[in-house]
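Please take a moment with the sequence and the model before reading on. The report is written for someone meeting this structure for the first time.

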Amino acid sequence: GYPCLSFEKKALDPAISFAGGDGTSSNPYKIATAEQLMYMRNLVNDPTTNGTYANKYYALTADIDLGGAEWEPIGYDGNKYDNNTYRMFSGKFDGKGHVVKNFKITQTYGNYLAFFGHLNNSGVEISNLGIENETINNTTSNSPSIAGFAARGGGKFTNCYVKNLTVSTIKNSVGAFFHSLRAGGTFENCYVYNVQLSGVSN
């Protein structure tokens, strides 16, 4: 073999367990690494496990650096697992003041392009979470819902933000924080800072 140079990216593989917890309100599943975050995402998006894990409680225990990797949104509508069946996130996610940073999203991940893709219209609670250094590229379709934090659905969002979002798209509407908020959705102390858009006509 040969030595791994510092500028080479290491491919991320999902973990096979959480850092702790049982998914309840008193003992949420604990996420401490990028691999564990991917594990959580996969459990929500896979139709064979969505029914068990989509409505659980989750909490970050550390900042998560995805190292520039491609990110498949949490809550999916594409064809990776089956024929365009929606898998929504319906649970509670507490960032505990931590940040998820340094990732990119492309059109290959379906019609909802954001850190959280497709959320249930009610019951979702996301709090105390920062999203930083996110890049979204959509140059092939005018259909997706695009946003920095969440693309579609409802719920309660508290103490969350998006910082340093770059979007390149042919779509004529982009939500810096949220794109398609359903009736009853609420925001408290959420904000966006430094958004760069290209290709948006209005």
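What follows moves from the whole chain to its strand pairings, and then to a few individual residues.

**The protein as a whole**

The model is a predicted one, and it contains two helices and 13 strands. Of the 202 residues of the protein, 47% count as buried, while the protein exposes about 9,300 Å², of which carbon and sulfur atoms supply 47%. Among the contacts between residues at least 6 apart in sequence, 77% join residues that are at least 24 apart.

**Strand β4 and its partners**

Strand β4, which covers residues 92-106, is a useful place to begin. Strands in a sheet are held as pairs by backbone hydrogen bonds, and the pairing may be parallel or antiparallel. The table sets out pairings that involve β4, each with a pair of residues that stand opposite one another.

| Strand paired with β4 | Bridges and direction | Opposite residues |
|---|---|---|
| β2 (residues 57-60) | three, parallel | Ala59 and Asp94 |
| β3 (residues 64-70) | four, parallel | Ile64 and Val100 |
| β7 (residues 125-138) | eleven, parallel | Asp94 and Ser127 |

Asp94 thus appears twice, standing opposite Ala59 and also opposite Ser127 in β7. Is Asp94 buried or exposed? Its relative accessibility is 18%, and because buried means under 20%, Asp94 counts as buried. Asp94 also forms a salt bridge with Lys96, in which the closest N and O atoms are 3.5 Å apart, and the count of salt bridges in the model comes to one.

**The open sheet**

Another group of strands forms an open sheet, in which three strands follow the order β6-β9-β11 and the pairing is parallel. Its edge strands are β6 (116-118) and β11 (178-181), each of which pairs on one side only. From one strand to the next, the twist averages 15°. Strand β6 is joined to strand β9, residues 150-153, by two bridges, and within this pairing His118 stands opposite Arg152 in β9.

**Ser90, in the loop before β4**

Ser90 lies in the loop between β3 and β4. With a relative accessibility of 18%, Ser90 counts as buried. Which residue shares a polar contact with the side chain of Ser90? The partner is the side chain of Asn120, and the polar contact between the two is 3.1 Å. When its neighbours within four places in sequence are left aside, Ser90 is in contact with Ala54, Asn55, Asn120, Gly123 and Val124, so that Asn120 appears both in this set of contacts and as the polar partner of Ser90.

**Leu43, in helix α1**

Leu43 belongs to helix α1, which spans residues 34-45. Its relative accessibility is 10%, and because the cut-off for a buried residue is under 20%, Leu43 counts as buried. Which residues touch Leu43 once its neighbours within four places in sequence are left aside? They are Phe18, Thr49, Asn50 and Tyr53. Leu43 and Ala54 are eleven residues apart in sequence, and their C-alpha atoms are 7.5 Å apart in space. Ala54 is also one of the residues in contact with Ser90, so a reader can look at Ala54 in relation to both Leu43 and Ser90.

How values were computed
Residues numbered from 1 in each chain as written. Predicted model: local features only at pLDDT ≥ 70, side-chain atom pairs only at ≥ 80, totals over all residues. Heavy atoms only, no water. Pairing = 2+ DSSP bridges. Buried < 20%, exposed > 50% of the residue type's maximum accessible area, 1.4 Å probe, protein only. Polar contact = N/O pair within 3.5 Å; in protein donor to acceptor, adjacent residues only side chain to side chain. Contact = heavy atoms within 4.5 Å. Axes fitted to C-alpha atoms, helices over the stretch in contact; angles between N-to-C directions. Salt bridge = Lys/Arg side-chain N within 4 Å of Asp/Glu carboxyl O. Areas by Shrake-Rupley, 256 points an atom, 1.4 Å probe, with all protein chains shown as cover.
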